[in-house]
Amino acid sequence: HAFIWAKNNEALWSNYPQKAAIMMQMRFDGYIGFPGGIIDPEDESWEAGLNRELSEEIGLEEAFYLNKNNYLFSSITHQGKLVLHFYLREVTIDDYKLIEKKTLESVDYGLEVTGIVRPVLY
């Protein structure tokens with residue numbers, strides 16, 4: 001999964017300057033989460049699988065793909081029998097807005113993903 005974010009000093013309403021814009025998504029199952037998904041056997045690497053998922057789910061363009069330098073940590077969930085890999089990518093606020101708009105054109109919009117959520121952080 002990917003934590004895509006940007007520093008953001010724009011004011012929310014008039015008195016609340018935000019610190020950052022963080023991209024999360026509404027999932028098909030009603031949960032809110034970070035974009036990403038299951039790595040397929042044909043994926044050449046974790047990063048290739050992640051970028052494929054990000055392309056499908058949020059329409060991420062190649063210019064913003066993540067690589068090994070974006071890797072943050074992995075965790076194991078025994079209950080779900082999954083190993084989760086988490087990546088971090090900081091972009092400019094202008095690029096963030098571009099990525100955010102592009103989500104409406106993604107392959108999985110309205111199916112696997114029902115919308116993008118920008119949690120307020122100030």
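Before we look at the pocket, one convention: Ala, Val, Leu, Ile, Met, Phe, Trp, Tyr, Cys and Pro count as nonpolar, Asp, Glu, Lys and Arg count as charged, and the others, Gly among them, count as polar. Keep that in mind, everyone, and please remember that what you see above is a predicted model.

So, on to the pocket. The largest one has a volume of about 390 Å³. Its lining is made up of 19 residues, and these divide into eleven nonpolar, five polar and three charged. If you want to find the centre on your screen, look for His 1, Gly 36, Gly 37, Ile 38 and Leu 84, the lining residues that lie nearest to it. Which elements build this lining? Strand E5 (24–27), helix H1 and strand E8 (82–90) each supply at least two of its residues. Strand E8 gives the most, with five residues.

Let's stay with strand E5 for a moment, as we meet it again in a sheet. This is an open sheet of three strands, in the order E6-E5-E9, and the pairing is antiparallel. Strand E6 (32–33) and strand E9 (113–117) stand at the edges with a single partner strand each, so one side of each has no neighbour in the sheet. How many bridges hold E5 to each of these partners? Two join E5 to E6, and four join E5 to E9. On the E6 side, Met 26 stands opposite Ile 32, while Gln 25 has Gly 33 as its bridge partner. Over in E9, Val 113 is the bridge partner of Arg 27. E5 and E6 also form a hairpin, with four residues between the two strands. In that turn, Gly 30 has a positive phi of about 90°.

While we are on backbone angles, here is a general point: most residues other than glycine have a negative phi. Now look at Lys 81, which is not a glycine and yet has a positive phi, of about 55°. Where is Lys 81? You will find it in the loop between strand E7 (71–77) and strand E8. Is Lys 81 buried or exposed? Its relative accessible area is 75%, and exposed means over 50%, so Lys 81 counts as exposed.

From there, let's go inside. In soluble globular proteins, nonpolar side chains tend to be buried together. In our model, the largest nonpolar core has 16 residues, and Ile 4, Leu 60 and Ile 99 touch the most other members. Strand E1 (2–7), helix H1 (46–58) and helix H2 (93–102) each supply at least two residues of this core. There is also another core, lying apart from the largest one, with six residues, including Phe 3, Trp 5, Ile 22 and Met 24.

Let me pick one residue from each core. What does Ile 99 touch, leaving aside its neighbours within four places in sequence? Its contacts are Ile 4, Met 23, Ile 58, Leu 60, Phe 64 and Val 91. From the other core, take Phe 3, which sits in strand E1. With the same neighbours set aside, Phe 3 is in contact with Ile 22, Phe 34, Phe 86, Tyr 87, Leu 88 and Arg 89. Finally, Phe 3 and Met 24 are 21 residues apart in sequence, and their C-alpha atoms are 7.8 Å apart in space.

Thanks for listening!

Notes. Residues are numbered from 1 along each chain as its sequence is written. This is a predicted model: local features need pLDDT of at least 70, side-chain atom pairs count only at pLDDT 80 or more; totals for chains, interfaces and linings use all residues. Side-chain values use heavy atoms; hydrogens and water are left out. A nonpolar core is a set of buried Ala, Val, Leu, Ile, Met, Phe, Trp, Tyr and Cys residues joined through side-chain atoms within 4.5 Å. Buried means under 20% relative accessible area, exposed over 50%, partly exposed in between (1.4 Å probe, protein chains only). Contact means heavy atoms within 4.5 Å. On a 1 Å grid over the protein atoms alone, a cavity is a set of points where a 1.4 Å probe fits but cannot get out, and a pocket is an open set with protein on both sides within 12 Å along at least five of seven lines; lining residues have an atom within 4 Å of a point. Grid points are joined across faces, edges and corners, and a volume is the space filled by probe spheres set on the points. Two strands pair if DSSP finds at least two bridges between them.
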